[in-house]
Structures are given as C-alpha cells and as structure tokens.
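Trainee: I would be grateful for a close look at a single part of this model, namely the metal site, together with the elements that surround its ligating residues. Please treat it as one connected account.

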Amino acid sequence: MIKAENLIKKFGTSTAVNNISFEVKEGENLILLGTSGCGKTTTLRMINRLIEPDSGTVYINGIAVNKQQPEMLRRGIGYVLQNHGLFPHYTVAENIAIVPRLLKWKSADITKRADELFEKLNLNPALKNQYPADLSGGQQQRVGLARSLMVNPPVLLMDEPFGALDNLTRISIRKEFRRLDELVKKTIIMVTHDVQEAFEMGDRICLMDKGEIQQIGTPEELLFQPANNFVAGFLNDQRMLLELKSVFLIDVLPGYSGESSLTVWDRMDNLLHPGNNTPAADQLTIDQLMSAFAAYKKR
Ligand SMILES: Nc1ncnc2c1ncn2[C@@H]1O[C@H](COP(=O)(O)OP(=O)(O)OP(=O)(O)O)[C@@H](O)[C@H]1O
Ligand SMILES: [Mg+2]
C-alpha cells in the first residue's frame, strides 16, 4: 500500500533522514518511534509531499507520489499534525470543513459527517461554534482527528496525536482510538516517542535513531529479537511491562482456549483485581501464570 524507498533528506549540512526504506500493508498500523530529532516528522511529511526528499521515492498503491499533484494526493491522505494544527481564527466547525469545502461538498453533507464524527469521538456538538483556544488539549486533539477523517481517506498520517496530553488522558484516549471503527480499516502511520504507546497501538514498529532505521518489526520481535544494542537499550527501562503486555496467553498456557487477544498482563490484572469481567474460573494461580511466562521466555 505505502512503500518508501531509500529516502534521504538533508537540511543544510545535517542529514535528517538517511536512506530509509519501509513498507506498510493495507490496513496496517505502523509506528515511527524514536527520540526527539531522529527524523520522524520529516519521514511522515515526505509521504504526503509536505517535504520533498533529496533522493528516494514514496509509492502509494504502486504510484510514485511525486507523479501526483500534491493537492490530489492529499485528498486520499488524512494528516493529524503534531500539536493538532487547528487554525486559531477559524471556529471548530470551520476548521473541520476545510477539505470538504475544497471538494465542493454540500453544507448539509458536511454537517452530517461532522455530527457523525463528533458522536464517535465523544465531542460535544456545542464545541463546533467555539475557537480552538477555548478547547482543552484533549478536545483539540479529537477535533484534529475529526478534521483528518472528514472525507474518509484510506491513509492516515498522525504526528504525535496524543503528544500534548497528560499521561492519564493519553491512556484513555488511546484506548478509545483503538476501538474506533473509523480507524480499524485504515492504513495508518503514526509518530510517537512514547514506547508504551507504540507497543499498544502498532501492528509493527519502526524504531529510528539519527535519521536511520534501527529495526522494523512487531513489538514481540523488537523485544525478543532486537537487531542491535540500540534497540535492546531503548526498551530496557520498560522491558518487563512491555513483555507482559505483548505476550498472548494463547502462546503461554498449554491448552488455552479462551479469548485470543488477551495478554499475560490482562490475565495478571484479572487475578490480582478480580472483577466483573473475570473469565470463568480456570483454577489458574498467579504463580502458575508467572511460571508459564518464564518457560515461554526460555524457549
Ligand atoms: N525545516 C527544517 N530546517 C532545518 N532543519 C530541520 C527542519 N526540519 C527538521 N530539521 C532537523 O531535522 C532533524 C529531524 O527533525 P524531525 O522534525 O524530523 O524530528 P522528529 O523525530 O520529528 O523530532 P520530535 O520528536 O522532536 O518532533 C532535526 O535535527 C531537526 O532539527
Ligand atoms: Mg516531530
């Protein structure tokens, strides 16, 4: 679906992106992860031609993006900017209507689509007449997402979509986002510097450093088969938590026949805080779960 081939971008004498290549399959969620200044935003912007690479090519569905009119190209690519990027002198309603207006949508259709997205994104319709500065950070972030989704583009680029939020709000918005039907079928490239966020939201993670890709792979691959010391070191601080959250019960417990999406972390949480959604008693103890997990890691 999206293919980046040997992208290089220099600013003056410094190289922001140094010969990177990756592919994203249709419906996949690829995370660009790395510390500040490693080239994540530059990479993202070369996909929708907000930045032109010095060399290398991006293809979408096999067609080089530099063979397409930038305006036409961007109609098929939603873009959520780092720090939401809403226009301060436009109301929320005006902000989210920008692209549909360019596409000559009827006002009634714009209103209908906006109402639909506001409901899905848990936004009070009354906010539509306010200006971005009157909204909380979380609301601005949701409006930024609504704007990018208005014309239902098949591809979505998100640059630190939760960057401006405090940790608790971040975690809850992240959960909501993963359940959002509007996002499920889309091909998404999302930038973050938050490891937990990357592991929670990514089908695959592209870990960058100093303009180069250190490793691309599933969360499990980065954890258990790190390509080099940089990758291992990057995850070390949170290794235990990341492992518990990315290993599935089905891979750890012999004969397990329950919900396939449950992780060791989910089951631990259940055992330590039994509540309404505790699965039918299976006699599993926390000790047995930890032993099974340790045995899995040894394999
Ligand atoms: N327009 C520009 N002019 C000059 N240098 C730039 C420009 N844009 C980016 N850079 C430099 O390129 C490098 C990569 O920047 P980029 O914005 O891609 O990083 P990033 O990974 O998105 O960082 P952050 O997490 O802080 O947003 C940085 O060293 C930055 O200073
Ligand atoms: Mg950036």
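Trainee: Which protein atoms are the donors of the magnesium ion (ligand 2), and where in the chain do Thr41 and Gln82 lie?

Mentor: The model is a predicted one, and the description below should be read accordingly. Two protein donors serve the magnesium ion (ligand 2): OG1 of Thr41 and OE1 of Gln82, at 2.0 to 2.6 Å from the ion. Thr41 belongs to helix H1 (residues 40–47), whereas Gln82 sits in the loop between strand S6 (77–80) and helix H3 (92–102), so the two donors tie together parts that are 41 residues apart in sequence. As water is not among the atoms, the site may look incomplete.

The accessibility of the two donor residues can be stated individually. Thr41 has a relative accessible area of 24% and is partly exposed. Gln82 is likewise partly exposed, at 38%. Both assignments follow because partly exposed covers the range between 20% and 50%.

The loop that carries Gln82 lies between S6 and H3, which leads to the sheet. S6 is a member of an open sheet of six strands, ordered S6-S7-S8-S3-S9-S10, with mixed pairing. S6 and strand S10 (212–217) are the edge strands, each pairing on one side only. On average, neighbouring strands in this sheet are turned by 15° against each other, direction ignored. Helix H5 (residues 137–149) lies across S6 and strand S7 (155–159), and its direction makes an angle of about 165° with S6.

At the other edge, S10 is joined to strand S9 (residues 204–209) by five bridges, and the two strands run antiparallel. Within this pair, Ile205 is placed opposite Gly217 of S10.

A separate set of strand pairings involves S4. Strand S1 (residues 2–11) runs antiparallel to strand S4 (residues 55–60), with five bridges between them; Ile2 has Ile60 as its bridge partner in S4. S4 also pairs with strand S5 (residues 63–64), again in the antiparallel sense, over two bridges. Here Ile60 stands opposite Ile63 of S5. Two residues lie between the strands of the S4 and S5 hairpin, where Asn61 adopts a positive phi near 50°.

As for the wider setting, the domain assignment of the chain gives domain 1 as 2–238 and domain 2 as 247–298. The C-alpha centres of these two domains are 33 Å apart.

Conventions
Residues are numbered from 1 along each chain as its sequence is written. Chains are lettered from A and ligands numbered from 1 in the order in which they are written. This is a predicted model: local features need pLDDT of at least 70, side-chain atom pairs count only at pLDDT 80 or more; totals for chains, interfaces and linings use all residues. Side-chain values use heavy atoms; hydrogens and water are left out. Two strands pair if DSSP finds at least two bridges between them. Helices (H or I, at least four residues) and strands (E, at least two) are DSSP runs, numbered from the N terminus. Donors are N, O and S atoms within 2.8 Å of the metal (3.2 Å for Na, K and Ca); water is not among the atoms, so sites may look incomplete. Buried means under 20% relative accessible area, exposed over 50%, partly exposed in between (1.4 Å probe, protein chains only). Domain bounds come from an automatic or database domain assignment. Axes are lines fitted to C-alpha atoms, for helices over the stretch in contact, and angles run from 0 to 180 degrees between N-to-C directions. Contact means heavy atoms within 4.5 Å.
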